[in-house]
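Hello,

Here is the structure we talked about. Please open it first; my notes follow below.

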Amino acid sequence: MKNQKRKLFAAFDVVIIVMVIVAAAFAFLSQFNTSDSDLTCVIRANGEVVHKVSLDNVSGSQIYTVHNVNVKISHECVSVSSSDCPDKLCENTGEISRGGQSIVCLPNKVSVTLVCEENAVDAVVG
Amino acid sequence: MKKNTMNITRTALLSAVALVLSYIEMMLPDMPFVLPGMKLGLSNIATMFALSSVSLPSALVVCLTKAIFALLMRGFTAFLMSLCGGILSTLAMYLLLKFNRVGYIGIGVMGAFCHNLGQIFVAYVYTDSTVFAYFGVLALASIVTGSVTAFAVYILLPKVLKSELYKST
């Protein structure tokens, strides 16, 4: 049978692993502007911005419902309090509180992102 | 027995193995320190097996079976993600298997990485660029999960190739 002489770990594997690490590093660097002041919560459905809420303006907590996903926004953090999706991955993501973090509910096509105010350039709706 | 019949049998068995591995994985609790929904990708073992012991079409059939299982268990989104990730990772591993200087770990890591890539692409089409926030963590995780599957294949492949299932051709 073919491939029987293949090694578990060969020289070229190092190249592949380094490539993956570089891709990951690139992704991390491009994404993190981790400030936790002046945060804005952007809620998108089908890729369109539906709500844009500055966390500084929120007192107590508010619930926004988009495509059967209830997004709970408070002064410090954002979470999905409930959703009708089968996998509940969005609920299990828990609270996010730093810029660049996000919650995605794939079955309902909803995403929730925290961005720092100065980077927020999308159109404002709602 | 005819070679073709043997290969169909092998593909069917590996598909069944893939389903069992998927199911075991579903029963595992979410790892608390990583992203919710992230998985080990154990069923990649079956795909890698089909690829290195049968053929490319066989591995693609295993992917399709996995995707249909995901459709039944977790819905249409899961089906698309499983299929897209599976096909991309199978093609990547198929290309790497042509080179003798690549080890199992390299193939496994590349397969896991491409699986994530395909899934993120489907998620991106479904929602928006927010999902790329997951990319970094998933890429790093694919080094670990890919190595685990590669190790399993490395240990098991020589033993299975000696078994009754592969004797006749």
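**Two loops in chain A**

A:N68 sits in the loop between β3 (61-66) and β4 (69-74) of chain A. Bear in mind that this is a predicted model. A:N68 is not a glycine, yet its phi is positive, at about 65 degrees. Is A:N68 buried or exposed? The answer lies in between: A:N68 is partly exposed, with a relative accessible area of 48%.

A:N46 also deserves a look. Its place is the loop between β1 (39-45) and β2 (48-54) of chain A. Phi of A:N46 is positive, near 55 degrees, and this residue is not a glycine. A:N46 is partly exposed, with a relative accessible area of 44%.

**The sheet in chain A**

Next, the strands. Chain A has an open sheet of four strands, in the order β2-β1-β7-β6, with antiparallel pairing. Its edge strands are β2 and β6 (102-105) of chain A, and each of them pairs on one side only. From one strand to the next, the twist averages 20 degrees. Strands of a sheet pair through backbone hydrogen bonds, in either a parallel or an antiparallel sense. For β6(A) and β7 (residues 110-116) of chain A, the pairing is antiparallel and runs over four bridges. Look for A:V104 there: A:S111 in β7(A) stands opposite.

**An enclosed helix in chain B**

Now chain B. Helix α2 (residues 44-53) of chain B is largely enclosed by the rest of the structure, because 10 of its 10 residues are buried. Among them are B:I45, B:M48, B:F49 and B:L51. B:N44, B:T47, B:S52 and B:S53 are buried too. What covers the buried residues of α2(B)? The cover includes α1 (3-27), α3 (56-74), α4 (76-97), α5 (104-126) and α6 (135-161) of chain B.

**Cysteines**

How many disulfides does the structure hold over all chains? Zero. Two cysteines of chain B show why. The closest cysteine sulfur to that of B:C84 is in B:C63, 11 Å away, so the two are too far apart for a bond. The closest cysteine sulfur to that of B:C114 is in B:C84; this distance is 11 Å, again too far for a bond. A disulfide needs the sulfur atoms within 2.5 Å. As for accessibility, B:C114 is buried, with a relative accessible area of 8%. B:C84 is partly exposed, at 29%.

Best wishes

Terms used:
Residues are numbered from 1 along each chain as its sequence is written. Chains are lettered from A and ligands numbered from 1 in the order in which they are written. This is a predicted model: local features need pLDDT of at least 70, side-chain atom pairs count only at pLDDT 80 or more; totals for chains, interfaces and linings use all residues. Side-chain values use heavy atoms; hydrogens and water are left out. Buried means under 20% relative accessible area, exposed over 50%, partly exposed in between (1.4 Å probe, protein chains only). Contact means heavy atoms within 4.5 Å. Two strands pair if DSSP finds at least two bridges between them. Axes are lines fitted to C-alpha atoms, for helices over the stretch in contact, and angles run from 0 to 180 degrees between N-to-C directions.
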